[in-house]
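Open the model in your viewer and keep the selection box handy. We will walk from one stop to the next, and at each one I will say what to pick and what is there.

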Amino acid sequence: MEGTTASAKSSSLPRVVIIGGGFGGLHAARELDGAPVQVTLVDRWNYHLFQPLLYQVAMAGLSPADIAYPIRTVLRSQENTRIVHAEVKGADVNARTLTLHDGTTIPYDYLIIASGARTNFFGKEDTWAHHALGLKSIEDALEVRRRVLLAFETAEREQDPKKRQALLTFVVIGGGPTGVEIAGALSDLARTVLARDFRVIDPKSARVILVEMVDRLLAGGFDESLSQSAKRQLEELGVEVRLGTAVKDINEQGVQVGDEFIESGVVLWTAGVMARRLTRKFGVETDKGGRIVVGNDCSVPGHPELFAIGDCARFVPEGTTQPLPGVAQVAIQQGKHAARMIVATLESKPRETFSYYDKGMMATIGRSRAIAQAGKVKLSGFMAWMAWLVVHIWFLVGFRNRVSVVLNWFWAYLTYRRGARLITGWRSWDWNDHDHVMPPQYEPNSMPRAAPAPIEKASEAPPLRAPAPRPAE
Ligand SMILES: Cc1cc2nc3c(=O)[nH]c(=O)nc-3n(C[C@H](O)[C@H](O)[C@H](O)COP(=O)(O)OP(=O)(O)OC[C@H]3O[C@@H](n4cnc5c(N)ncnc54)[C@H](O)[C@@H]3O)c2cc1C
């Protein structure tokens, strides 16, 4: 009887639906713990993903489970919240309903859209996107890991030195934090981790080329001196940094950069993101990047019941002209704010203007270098790396993940080994031998290029190389 009364009471409470269990959505849900509302969080993934460490999965430093945590577990003690594992496909803002991938609908009284961003190939989705790899999901990271490790394996069997060098040439496009981090980690992988494991190729001969269109790295917010420091640190790691250089074309063989064509085994694209297509389904104003334009309180003008936060929202602080950047802290703080504004509205209190508190920025460069900036404090090198380490472990969701990441990093730091160096995926070597059904998104052109000729006679095989000595710190 008591149970019936409780459920009747809860079903009469206002319904808050949150799309997305990323940084913004998860913090919005947590903020509503104990509030007099029924919360429904819908996500197409059943886990919260810590995207800032995706590049570590891509570079075989961490396993996917180290940086992802089940949303149900995070919110399990929150009694007013239920989780729906589904993809939102459409919305009717007048009827206040969402449509899921299976055609079912979810009604809401308040909606928080926190659906994040996707890789932006700037209109080249049908061409460049087939040859360059983005980094926005665990699937992306595993595909980058697979392709990078396969490039080394294929080069080990390749007899043509030119093709071998092409396989060992990696181009990273985009000199923002992700590009800088991945270029540094890739160079580290080749020069320290893989250096002793091959017999024919010398992994240290791998080229990592970082291409950036503007004339400095990390142009979006970092101080000029830290941009220069990042460039210097990358170059010390052997990365070739090309600034003020536009990419003209990307094809199966490599990248056209200015007047030069760089033959490349793997091309990584970190040059931009845009909001997911879902944001266009609400019939409200969006900007060129698909972000929903929101007002001072993070709600959509004319729709006080509709909030958009984080990467999928365009919020321009009062007195400025630039929208807030797509970073985790913006999403977290906006998520909390939107939740508070819903509660304030229910209590007939006025809405407040969202004010972003910038806690600073950081980017890591290889295994023991980084840059960090918080207010007037600027750090670079080892101290910045230590700060980066502490911050990233602190913000990881889940105690098990924190312990696992610390142990993995400690082990990798001491031994120069990485446990997650697995080539996995759906591909078999023999294209006619499909023992399993391959999902359509795995396209044939994602195999490493320059397929090696079989080594028929021992004399034709490239000479063996002595194992490289352990690299010095
Ligand atoms: C490689 C990389 C490195 C980064 N490094 C940093 C860093 O060092 N520091 C920093 O501050 N920021 C960093 N960022 C940016 C940061 O991760 C984002 O700003 C942040 O994740 C935005 O949070 P969000 O809640 O808006 O979206 P997200 O965290 O992306 O969450 C969106 C959620 O919505 C779900 N979703 C999307 N569409 C649907 C749908 N139709 N139906 C149901 N669910 C849906 C997704 O599954 C996802 O769980 C990095 C991003 C990347 C990709």
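Start by selecting I173 and V211: in strand β13, V211 is the bridge partner of I173. Now follow the backbone from β12 through α8 to β13, a β-α-β crossover that is right-handed. That term means that, with the strands pointing away from the viewer, the path from the first strand over the helix to the second runs clockwise.

Two notes before moving on. This is a predicted model, where local features need pLDDT of at least 70 and side-chain atom pairs count only at pLDDT 80 or more, while totals for chains, interfaces and linings use all residues. Residues are numbered from 1 along each chain as its sequence is written. As for element names, helices (H or I, at least four residues) and strands (E, at least two) are DSSP runs, numbered from the N terminus.

**Strand β12 and its neighbours**

Select residues 169–173, which form β12. Strand β13 (residues 207–211) runs parallel to β12, and 5 bridges join them; two strands pair if DSSP finds at least two bridges between them. Next add residues 266–269: this is β18, which pairs with β12 in the parallel sense over 4 bridges. In β18, W269 stands opposite I173.

Are the faces of β12 covered or open? Both are covered, with T169, V171 and I173 buried on one side and F170 and V172 buried on the other. Buried here means 20 or more other C-beta atoms within 10 Å of a residue's own, exposed means 12 or fewer, and partly exposed is in between, with C-beta atoms placed from the backbone.

**Helix α8**

Select residues 177–193. Helix α8 has 17 residues and spans 22 Å from its first C-alpha to its last, close to the 24 Å expected at 1.5 Å a residue; the expected span is 1.5 Å times one less than the number of residues. Of the 17 residues in α8, 17 are buried.

**Around the ligand**

Now show the ligand and its shell. There are 34 residues around the ligand, and the closest are G20, G22, G24, G116 and G310; a residue is near a molecule if its C-beta atom, placed from the backbone, lies within 6 Å of it. Elements that give two or more residues to this shell include α2 (23–31), β2 (38–43) and α8. Colour by domain, and you will find at least three shell residues from each of domain 1 (2–44 + 86–120 + 274–346) and domain 2 (128–271 + 367–428). Those bounds come from an automatic or database domain assignment.

**Backbone spots worth a click**

- L218 lies in the loop between β13 and α9 (224–236). Its phi is near 50 degrees, a positive value in a residue other than glycine. L218 is buried because 24 other C-beta atoms lie within 10 Å.
- C298 is in the loop between β20 (292–293) and β21 (299–300), and has a positive phi of about 80 degrees although it is not a glycine. With 28 other C-beta atoms within 10 Å, C298 is buried.
- N94 sits in the loop between β6 (88–92) and β7 (97–100). N94 is exposed, since it has 8 other C-beta atoms within 10 Å.

**Last stop: a hairpin**

Select residues 361–365 for β24 and 369–374 for β25: the two run antiparallel, joined by 5 bridges. I365 stands opposite R369 in β25. The hairpin has 3 residues between its strands, and G366 takes a positive phi near 75 degrees.
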